[in-house]
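Open the model in your viewer and keep the selection panel handy. We will go from stop to stop, and at each one you will get something to select and a note on what is there.

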Amino acid sequence: MRVAILCVSAGLVLCAALPADGRGRGFEDVINQVTLDEFHDYLRVLTGVDPVPGDPPHYLTNRYSFGTDIHIAGQWIHDMFSSFGLDASFHTYDASYGPNVIGEIVGTTRPEDIYIYCGHYDTYNGSNQDDAPGCDDNASGTAAAILAARILSQYEFEGTVRFIAFSGEEQWMVGSSAYAAASYYAGENIVAAINLDMFLHPGWDNQEPDPDYDLDIGGNDASQWIAQNLADKFATYTPIDFEVWNDDGFVSDQWGFWQYGYDAVGLIENSPWEIWGGSNDDYHHATDTMYNPDYDWDFAIHTIRGSMASLIDLAGIGMCPADVNGTGMVDIDDLFDVLGAWGTCDECPEDVNNDGLVDIDDVFDVLGAWGPCP
Ligand SMILES: [Zn+2]
């Protein structure tokens with residue numbers, strides 16, 4: 001880390017030691033809070049290794065859409081969102097299914113713009129719905145949403161961020177379609193949704209050597225801009241390989257959003273056709289557990305980190321409003337930018353405290369945040 005000493009005179013004299021880091025450091029500080037220990041904590045509860053706390057504690061044996069355990073799982077996810085300080089709610093679209101579960105962080109400057117990070121929490125095992133742990137499919141995406149919610153609850157965003165655990169995915173994206181429909185008819189502006197569904201098992205069980213040991217990032221035509229943002233983040237912040245494809249027949253919960261004209265992208269270990277073709281022998285079986293030796297936990301953690309980097313970029317994480325020019329440093333250039341934009345403004349970056357006025361308060365905000373962004 002290079003360090004420079006800078007002294008400026010702007011009515012007062014300020015000296016600061018300035019490490020020469022880029023803007024990316026801030027994102028890394030956020031996404032590197034994703035740990036395997038915490039991911040496993042959530043997976044253990046969802047797959048019935050650890051009990052859902054309560055009196056009495058309850059071990060989930062499945063999360064089948066029409067069972068009883070899915071309601072206990074849904075309540076637990078709701079309580080987790082709530083415990084992080086999020087505004088938690090249920091979306092019940094059909095009483096015969098478990099509910100969708102939502103945790104929300106309301107945006108600061110453009111709350112009408114909504115960004116969704118989601119995965120389905122229901123499971124399926126056609127030979128015995130009572131024994132359906134669904135670790136890869138899709139406790140993984142559900143735990144990612146809980147984990148991201150816990151970490152990102154510490155931050156503010158320009159737009160509104162929603163973490164959603166959908167139900168009814170296994171019955172053809174019933175929960176996400178109902179949710180997108182409700183949003184559509186309420187006139188909500190969902191800008192982007194990032195859906196995670198199965199990312200523990202890259203590679204193939206029925207082919208040697210394993211081809212396609214990568215993450216699949218799939219969107220429809222209109223959503224390629226999100227896919228590209230994700231690709232950039234995976235290339236920048238993770239070592240894992242990925243491929244981007246464009247296929248409006250990609251069926252997981254992003255598909256529900258597409259039906260109502262919303263842009264959404266899904267992340268998955270292989271395409272659904274590849275999974276149905278045998279890439280994952282444990283898919284929809286009782287062997288889809290945390291103890292599966294084929295699951296790649298490094299790959300999983302990097303999948304969560306890369307996708308979170310995209311989410312916080314799109315939603316406009318507010319880690320460093322005093323960095324007016326977006327260089328990752330609060331320095332003399334930001335101070336001059338504020339002085340040069342003096343007066344009234346409407347959502348301009350120089351209005352650091354966002355009160356509609358570029359004035360002495362913004363100068364003090366810049367001076368108070370002097371140095372590298374967090
Ligand atoms: Zn799934």
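How many bridges join strand 7 to strand 10? There are 4, and the two strands run parallel. Before you select them, two notes on the ground rules. Residues are numbered from 1 along each chain as its sequence is written. The model is predicted, so local features need pLDDT of at least 70 and side-chain atom pairs count only at pLDDT 80 or more, while totals for chains, interfaces and linings use all residues. Helices (H or I, at least four residues) and strands (E, at least two) are DSSP runs, numbered from the N terminus.

**Stop 1: strand 7**

Select residues 189-196, which form strand 7. Ala193 stands opposite Ala264 in strand 10. Strand 7 also has parallel strand 5 as a partner, joined to it by 6 bridges; there, Asp113 has Asn189 as its bridge partner. Strands count as paired if DSSP finds at least two bridges between them. Now colour by burial: a residue is buried if 20 or more other C-beta atoms lie within 10 Å of its own, exposed if 12 or fewer, and partly exposed in between, with C-beta atoms placed from the backbone. In strand 7, 6 of the 8 residues are buried, so the strand is largely enclosed by the rest of the structure.

**Stop 2: the whole sheet**

Zoom out to the open sheet of 8 strands, whose order is 3-4-6-5-7-10-8-9, with mixed pairing. Strand 3 (87-91) and strand 9 (242-246) are at the edges; each has a single partner strand, so one side of each is left without a neighbour in the sheet. On average, neighbouring strands are turned by 20 degrees against each other, direction ignored.

**Stop 3: strand 6**

Select residues 159-166 for strand 6. This strand is mostly covered, with 8 of its 8 residues buried. Strand 5 runs parallel to strand 6 and is joined to it by 8 bridges; look for Gly119 opposite Ala165. Strand 4 (residues 100-105) pairs with strand 6 in the antiparallel sense over 5 bridges. Two pairs to label are Ile102 with its partner Ile164 and Glu104 with Arg162.

**Stop 4: helices on the sheet**

Add residues 135-152: this is helix 4, lying across strands 4, 5, 6 and 7 and running at about 145 degrees to strand 5. Next add helix 6 (residues 224-237), which packs on the sheet and touches strands 7, 8, 9 and 10; its direction makes about 155 degrees with that of strand 8. Axes are lines fitted to C-alpha atoms, for helices over the stretch in contact, and angles run from 0 to 180 degrees between N-to-C directions.

**Stop 5: helices 10 and 11**

Finally, select residues 332-340 (helix 10) and 360-368 (helix 11), which pack at about 175 degrees with their axes 10 Å apart. They are therefore roughly antiparallel, the term for angles over 145 degrees. Asp334, Leu335 and Val338 in helix 10 meet Asp362, Val363 and Val366 in helix 11; contact requires C-beta atoms, placed from the backbone, within 7 Å.

Which residues of helix 11 are buried? Asp362, Val363 and Val366 are. Seen down the axis, the buried residues fall within an arc of 105 degrees (taken from the directions from the helix axis to the C-beta atoms), so they line one face of the helix. Turn to the other side of helix 11 and you will find Ile360 and Gly368 exposed. The cover over the buried residues includes strand 11 (329-330), helix 10 and strand 13 (357-358).

How values were computed
Parallel < 35°, antiparallel > 145°, perpendicular 65-115°, else oblique. Contact = placed C-beta atoms within 7 Å.
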